[in-house]
Amino acid sequence: MDAGSLAMAATDDIRRSVRDIVLTHAHLDHIAGLPLFIDDLFATLDEPVRVHALQDVIEVLERDIFNWSVFPKFSEIDAAFGPPIVYRPISFGCEFQAANLSFRAFGSDHKVPSAGYIVSDGKSSVAISGDSASLEQLTIAAENQKDLTAVLVECAFPDEFETIARNSHHMTPAILGEQLKKLDDRCPVFVINIKPNYRQQVVEQISALQIKGIEIMNVGEDYFW
Ligand SMILES: [Zn+2]
């Protein structure tokens, strides 16, 4: 899910096994690792890397990243098995498979075309907000999801940066606290996508809200649902 630091953080096992990448949107902190990931794999690939994304996001990737000027247009290169990157356009509300998981996209409230997802392995499901200024669409999408076991939500900026957060369509702890009321304590909430420079402030402000069942997700830790 997303590829902001995919190439930089990938282990050999990830390089060997990840062939499906699902993108929320085209902002650089969500795609920066994608070109280098494909490049690192190029010599060893024997099947394409499938990128599942909104058509708007695919167009940005092809126009602004994989355009020969910034990076090779892998979708036009003919390797032995075909192009090293293939795009799978997704639509809101439609289910699709990526690896062993099924995904259903919903619109997130961000500055650019952007999706959040309900992700399911058939036994339990997790809702992921993507970058979003509200949880409106996530709440609607998760409404009838009886096996929902976790919700992952962004909280990019601390409360002091509310204006920047609202202008760039992100959440602060205070906004998140308000938005979570819509979810009605349904399941544990994990906070992701905190801007690294403000992590400490955001963590303290979320903790001060004393919301039941909320946890900051740690980078590098495994979670099982
Ligand atoms: Zn963004």
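Q: Which residues is Leu23 in contact with, leaving aside its neighbours within four places in sequence?
A: This is a predicted model, in which local features need pLDDT of at least 70 and side-chain atom pairs count only at pLDDT 80 or more, while totals for chains, interfaces and linings use all residues. Residues are numbered from 1 along each chain as its sequence is written. With contact taken as C-beta atoms, placed from the backbone, within 7 Å, and with neighbours within four places left aside, the partners of Leu23 are Asp2, Ala3, His30, Ile31, Val51, Ala53 and Val57.

Q: Which strand gives the most to the largest nonpolar core?
A: A nonpolar core is a set of buried Ala, Val, Leu, Ile, Met, Phe, Trp, Tyr and Cys residues joined through C-beta atoms within 7 Å, where buried means 20 or more other C-beta atoms within 10 Å of the residue's own, exposed means 12 or fewer, and partly exposed lies in between. The largest such core has 55 residues, and Leu23, Tyr117, Ala127, Val153 and Cys155 are those with the most contacts inside it. Five of its residues, the most from any one element (helices, H or I, of at least four residues and strands, E, of at least two are DSSP runs numbered from the N terminus), come from residues 148–154, which is strand 8.

Q: From which domains does the largest nonpolar core draw at least three residues each?
A: By an automatic or database domain assignment, the protein chain is divided into a part covering 1–90 and a part covering 93–225. The core of 55 residues draws at least three residues from each of these, domain 1 and domain 2.

Q: How many residues of domain 2 are in contact with domain 1?
A: The centres of the two domains, taken over C-alpha atoms, are separated by 24 Å. On the side of domain 1 that touches domain 2, strand 1, strand 2, helix 5 and strand 3 each supply at least two residues. In the contacts between the domains, domain 1 takes part with 13 residues and domain 2 with 17.

Q: Which residues of helix 4 are buried?
A: Helix 4 spans residues 33–41, and its buried residues pack against helix 1 (6–9), strand 1 (20–22), helix 3 (28–31), strand 2 (49–54), helix 5 (55–65) and strand 3 (85–90). The buried residues that make this packing are Gly33, Leu34, Pro35, Phe37 and Ile38.

Q: Is Val51 buried or exposed?
A: Val51 has its place in strand 2, and, not counting residues up to four places away in sequence, it touches Ile21, Leu23, Ile85, Tyr87 and Arg88. Because 25 other C-beta atoms lie within 10 Å, Val51 is classed as buried.

Q: Which residue in strand 3 stands opposite Leu54?
A: Two strands pair if DSSP finds at least two bridges between them, and strand 2 and strand 3 do so in the parallel sense over six bridges. The chain crosses from strand 2 through helix 5 to strand 3 in a right-handed β-α-β crossover, a term for a path that, with the strands pointing away from the viewer, runs clockwise from the first strand over the helix to the second. Within strand 3, the residue opposite Leu54 is Ile90.

Q: How far apart are the C-alpha atoms of Val60 and Ala150?
A: Val60 has its place in helix 5, and it counts as partly exposed because it has 18 C-beta neighbours inside 10 Å. Along the chain Val60 and Ala150 are 90 residues apart, and their C-alpha atoms are separated by 31 Å.

Q: Which residue in strand 10 stands opposite Val189?
A: Strand 9 has a covered face, Val189 and Val191, and an uncovered one, Phe190 and Ile192. Four bridges join strand 9 to strand 8 in the parallel sense, and the bridge partner of Glu154 is Ile192. Strand 9 also pairs in the parallel sense with strand 10 (residues 214–216) over three bridges, and strand 9, helix 9 and strand 10 make a right-handed β-α-β unit. In strand 10, the residue opposite Val189 is Ile214.

Q: Near what value is phi of Asn193?
A: Most residues other than glycine have a negative phi. Asn193 lies in the loop between strand 9 and helix 9 (199–209), and it counts as buried because it has 22 C-beta neighbours inside 10 Å. Its phi is positive, in a residue other than glycine, and near 55°.

Q: Is Asp185 buried or exposed?
A: Asp185 sits in the loop between helix 8 (173–180) and strand 9 (189–192), and its phi is a positive value near 55°. Because 11 other C-beta atoms lie within 10 Å, Asp185 is classed as exposed.

Methods:
Contact = placed C-beta atoms within 7 Å.
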